[in-house]
Amino acid sequence: FKTTLTTNFLKFPFFEAINAFLQCFPLSGAIRGVVTGIVFTSATLPVTNFRYRKSMDLEVNWGNIYEAYLPTVIRDIVYGIARNYMTLSMIHHYPGYDLQSPELLFVVVIGACLVSAPFNEWRGYLLQSKGQELSFNEFFKPSNFFRSTSLGAVKQGLALALGYWCAPPATHFVKGLIASIRGV
């Protein structure tokens with residue numbers, strides 16, 4: 001839990017920063033998704049693999065820090081593209097939302113997680129412990145896939161929406177605190 005919490009505090013804001021930065025440029029949602037996925041995966045996969053290997057009590061070394069890069073980068077590209085297009089679609093259909101609307105983010109993140117989930121399953125299949133590998137039919141259980149995908153998507157959507165909901169009051173509080181310390 002401690003490792004997961006720490007790495008997610010690093011990873012999720014980093015994805016948001018890359019995505020926000022790329023919105024400053026006149027790029028299509030597909031190009032933004034591809035760039036975000038490649039940059040995000042390349043920078044955070046060592047953290048993800050470190051977390052995974054530690055949780056499984058496996059050895060961590062430079063040879064396995066980028067393990068399963070291809071399915072991970074494809075997953076993150078698909079997630080980025082899906083999220084960009086779902087965001088535009090939701091804003092088009094619900095003009096009261098903007099890019100920082102927690103309600104919008106909740107729905108969009110869940111949708112993008114569901115779209116990219118098969119690549120996450122592929123990643124898990126490739127990361128099986130050596131010598132204990134299951135065949136694809138043994139590894140892939142549809143009920144487990146749907147349960148873990150659904151729970152993971154809701155968890156990520158809720159976490160990011162809550163973060164976007166808390167950010168404005170937290171920013172206001174910190175600015176007020178700084179102003180009171182400075183005596184302004």
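User: In this predicted model, which residues lie nearest the centre of the largest pocket?
Analyst: The model is predicted. Its largest pocket is lined by 43 residues. Those nearest the centre are R51, R75, N120, K155 and Q156.

User: What is the volume of the largest pocket?
Analyst: The lining of this pocket divides into 19 nonpolar, 15 polar and nine charged residues. The space they line has a volume of about 1,500 Å³.

User: Which helix gives the largest share of the lining of the largest pocket?
Analyst: Five helices each supply at least two residues: helix 1 (2-22), helix 2 (29-55), helix 3 (69-93), helix 4 (102-126) and helix 6 (142-182). The largest share is eleven residues, and it comes from helix 6.

User: Which elements give two or more residues to the lining of the second largest pocket?
Analyst: About 200 Å³ of space lies in the second largest pocket. Its lining includes E16, N19, R83, N84, L104 and L105. By class, the lining has five nonpolar, five polar and two charged residues. The elements that give two or more are helix 1, helix 3 and helix 4.

User: How far apart are N and O in the salt bridge of R83 and E16?
Analyst: Side chains of opposite charge can pair when their charged atoms come close. R83 and E16 both line the second largest pocket, and both are buried. Their side chains meet in a salt bridge, with an N to O distance of 2.7 Å.

User: How many residues apart are R83 and E16?
Analyst: This salt bridge links distant parts of the chain. R83 is in helix 3 and E16 is in helix 1. The separation is 67 residues.

User: Where does E67 sit, the residue that pairs with R53?
Analyst: The side chains of E67 and R53 meet in a salt bridge, 3.0 Å from N to O. The two are 14 residues apart, with R53 in helix 2. E67 is in the loop between helix 2 and helix 3.

User: Is R53 buried or exposed?
Analyst: The cut-off for buried is under 20% relative accessible area. R53 has 11% relative accessibility, so R53 counts as buried.

User: Which residue forms a salt bridge with D76?
Analyst: D76 counts as buried because its relative accessibility is 6%. Its partner is buried too, with a relative accessible area of 13%. The closest N and O atoms of the pair are 2.9 Å apart. The partner is R75.

User: How many salt bridges does the count come to?
Analyst: One joins R83 and E16. E67 and R53 form another, as do D76 and R75. The count comes to three.

User: Which helix gives the most residues to the largest nonpolar core?
Analyst: The core has 13 residues. Helix 1, helix 3, helix 4 and helix 6 each supply at least two of them. The top contribution is five residues, from helix 4.

User: Which residues does Y79 contact, leaving aside neighbours within four places in sequence?
Analyst: Y79 is among the residues with the most contacts inside the core, along with V109, C113 and L160. Beyond its sequence neighbours, Y79 is in contact with F15, V109, A112, C113, S116, Q156 and L160.

User: How many helices and strands does the chain have?
Analyst: From the N terminus on, the elements run α-α-α-α-α-α. The secondary structure comes to six helices and zero strands.

User: What share of the residues in the chain is buried?
Analyst: The C-alpha atoms fill a box of roughly 65 × 40 × 30 Å along the principal axes. The chain has 184 residues. The buried share is 34%.

How values were computed:
Residues numbered from 1 in each chain as written. Predicted model: local features only at pLDDT ≥ 70, side-chain atom pairs only at ≥ 80, totals over all residues. Heavy atoms only, no water. 1 Å grid on protein atoms, 1.4 Å probe; cavity = no way out; pocket = protein on both sides within 12 Å on 5 of 7 lines; lining within 4 Å. Points joined across faces, edges and corners; volume = space filled by probe spheres on them. Helix = DSSP H or I, 4+ residues; strand = E, 2+ residues; numbered from the N terminus. Nonpolar A, V, L, I, M, F, W, Y, C, P; charged D, E, K, R; others polar. Core = buried A, V, L, I, M, F, W, Y, C linked by side-chain atoms within 4.5 Å. Buried < 20%, exposed > 50% of the residue type's maximum accessible area, 1.4 Å probe, protein only. Contact = heavy atoms within 4.5 Å. Salt bridge = Lys/Arg side-chain N within 4 Å of Asp/Glu carboxyl O.
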